[in-house]
Amino acid sequence: MTISNVGIVGCGLMGHGIAQVASQGGCEVTVVEADADALEKGLKRIDGSIAKLVEKGKLTAEAAAGVRNRLHPSTRIQDLSNCDLVVEAIVENLDVKKKLFADLGKITKENCILASNTSSFPIGEMGDASGRPGKMVGLHFFNPVQLMQLVEVVRTPKTEEAAFAAAFEFGKRCGKTPVAAKDTPGFIVNRLLVPYLLEAIRMIERGDATPRDIDTAMRLGCNFPMGPVHLLDYVGLDTTQFIADGWEKRYPNESLFKVPGILKKLVAEKKMGRKSGRGFYEWEGDKPKA
Ligand code: CAA
Ligand code: NAD
């Protein structure tokens with residue numbers, strides 16, 4: 001099955017990047033947001049990213065115009081009726097996602113592949129909610145989508161082989177290296193990464209080291225591109241809390257998944273990290289303040 005018409009639901013931190021790389025791969029892309037303001041914000045991000053790529057000589061002005069022309073913004077989910085694939089990238093809340101997939105199951109054509117970019121929830125439950133579990137996969141991209149080379153392609157026991165293979169090919173078309181993963185908590189990367197991020201928060205809570213020293217230690221001691229506290233703010237503290245909350249509820253005896261108190265406190269204070277200008281760090285645009 002060839003994927004040419006793609007729908008992306010959610011044009012936030014992840015959705016805008018997925019829409020962009022799908023368009024860079026030559027697909028026609030309908031991007032659906034909850035409202036016009038959020039849509040405009042997402043499109044501005046895409047414009048900013050495309051401008052950076054042109055400025056660095058990684059995309060010609062002509063190719064950039066093509067990328068933008070293949071993007072079709074909308075606030076109506078009904079506009080996804082002709083899609084071959086729909087990728088969901090909305091808030092990390094399983095009930096909200098299930099409701100969306102139930103709607104997508106009714107709106108999209110029968111052979112449309114349905115995908116979630118969830119960081120942590122079971123793909124199988126969303127597939128069941130859609131009424132088309134055979135067409136359901138996970139397509140887990142990484143932040144920032146434009147630069148990160150990996151995509152995890154997740155299959156459930158009910159995923160049809162053809163749907164999985166088409167999603168895998170789509171990952172390549174977006175310029176990514178796909179890996180196959182099973183429908184387990186956190187798939188491959190987040191099963192390892194999220195406990196590490198939560199452990200960095202526990203280190204701050206215990207007063208073992210400052211955020212800046214933890215970040216310097218992991219950058220210079222392990223050659224990680226950014227330390228864990230910086231990465232937490234970069235990913236979004238709200239998203240990290242949603243992931244950990246879901247796992248703590250499902251696996252109450254797993255100490256690695258416990259939600260640290262400071263994380264809950266910062267999110268309650270609306271300090272989400274980069275997206276709100278304040279998290280563990282204060283942010284100026286894309287960088288934490290020195
Ligand atoms: N679009 C296009 N170009 C971009 C861009 C974007 N969105 N963002 C940055 N760039 C460009 C910059 O202009 C810059 O270009 P030059 O090198 O040509 O000057 C280049 O990319 C590097 O950017 P920066 O100088 O701003 O920063 P950097 O060198 O520190 O690299 C980074 C940034 C790639 C994000 C790097 O810090 C990194 O790899 N960090 C770790 C990211 C990571 O771990 N992501 C996974 C998060 S977890 C996840 O995604 C899963 C989940 O479910 C939560
Ligand atoms: P975000 O808050 O930046 O964006 C979510 C967007 O979805 C918002 O713009 C919101 O307006 C929109 N939205 C919410 N409900 C909607 C609906 N019913 N219809 C249309 N649009 C709707 O969040 P994000 O960081 O982009 O995360 C999105 C998903 O990607 C989550 O499942 C998250 O776990 C996952 N993810 C996040 C990261 C990360 O680093 N932030 C990395 C990989 C995967």
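A: Let's start with one term: a polar contact is a pair of N or O atoms within 3.5 Å. Keep in mind, too, that this is a predicted model.

Q: Good, let me try it on ligand 1. How far is an oxygen atom of ligand 1 from an N or O atom in the side chain of N190?
A: The two atoms are 2.8 Å apart, and the cut-off for a polar contact is 3.5 Å. S119 offers another case: one of its polar side-chain atoms sits 2.8 Å from an oxygen atom of ligand 1. With Q146, the partner is a nitrogen atom of ligand 1, and a polar side-chain atom of Q146 lies 3.4 Å from it.

Q: And who else is around? How many residues surround ligand 1, and which are the closest?
A: There are 21 residues around ligand 1, and the closest are S49, S119, H140, N143 and N190.

Q: Now ligand 2. Which residues are closest to it?
A: The closest ones are M14, E33, E92, K97 and S119, out of 21 residues surrounding ligand 2. You've met S119 already, as it is also listed among the closest to ligand 1.

Q: What are the distances from oxygen atoms of ligand 2 to L13, I90 and K275?
A: For L13, a backbone N or O atom lies 3.0 Å from an oxygen atom of ligand 2. For I90, the atom is again a polar backbone one, at 3.3 Å from an oxygen atom of the ligand. For K275, look at the side chain, where an N or O atom is 3.5 Å from a ligand 2 oxygen.

Q: Let's turn to the backbone. Is the peptide bond from N143 to P144 cis or trans?
A: Check omega: that bond has omega near 0°, and it is cis. To find the spot, go to the loop between β6 (136-141) and β7 (150-155), where P144 sits. N143 is also one of the residues closest to ligand 1.

Q: Where should I look for a positive phi?
A: Try F187, which isn't glycine and has phi near 55°. You'll find F187 in the loop between β8 (177-182) and α7 (189-206). Another is N223, just after α8, with a positive phi of about 60°.

Q: Since α8 came up, how do I read the reach of a helix?
A: Go from the first C-alpha to the last. Helix α8 (residues 211-222) has twelve residues and spans 16 Å, close to the 16 Å expected at 1.5 Å a residue.

Q: What describes two packed helices?
A: In general, you give the angle between their axes and the distance between those axes. Take α8 and α9 (residues 228-235): the angle is about 105° and the axes are 7 Å apart. That is why these two count as roughly perpendicular to each other. P211, I214, D215 and M218 of α8 meet P228, V229 and H230 of α9. By class, that contact has five nonpolar, one polar and one charged residues.

Q: There are several residues from one helix in that contact. Why can residues spaced along a helix point the same way?
A: An α-helix has 3.6 residues a turn, so residues three or four places apart point the same way.

Q: At what angle do α9 and α10 pack?
A: The angle between α9 and helix α10 (residues 237-250) is about 95°, with axes 5 Å apart. They are therefore roughly perpendicular. Here L232, D233 and V235 in α9 meet L237, T239 and T240 in α10. The contact divides into three nonpolar, two polar and one charged residues.

Q: And how do the axes of α7 and α11 cross?
A: They cross at roughly 95° and come within 8 Å, with α11 covering residues 261-268. So α7 and α11 are also roughly perpendicular to each other. L198, I201, I204 and E205 of α7 meet G261, I262 and L263 of α11, and the classes are five nonpolar, one polar and one charged.

Key. Residues are numbered from 1 along each chain as its sequence is written. Chains are lettered from A and ligands numbered from 1 in the order in which they are written. This is a predicted model: local features need pLDDT of at least 70, side-chain atom pairs count only at pLDDT 80 or more; totals for chains, interfaces and linings use all residues. Side-chain values use heavy atoms; hydrogens and water are left out. Helices (H or I, at least four residues) and strands (E, at least two) are DSSP runs, numbered from the N terminus. The expected span of a helix is 1.5 Å times one less than its number of residues. Axes are lines fitted to C-alpha atoms, for helices over the stretch in contact, and angles run from 0 to 180 degrees between N-to-C directions. Angles under 35 degrees count as roughly parallel, over 145 as roughly antiparallel, 65 to 115 as roughly perpendicular and the rest as oblique. Contact means heavy atoms within 4.5 Å. Ala, Val, Leu, Ile, Met, Phe, Trp, Tyr, Cys and Pro count as nonpolar, Asp, Glu, Lys and Arg as charged, and the others, Gly among them, as polar. A residue is near a molecule or strand if one of its heavy atoms lies within 4 Å of it. A polar contact is a pair of N or O atoms within 3.5 Å; within protein, one must be able to donate a hydrogen and the other to accept it, and residues adjacent in sequence count only if both atoms are side-chain atoms.
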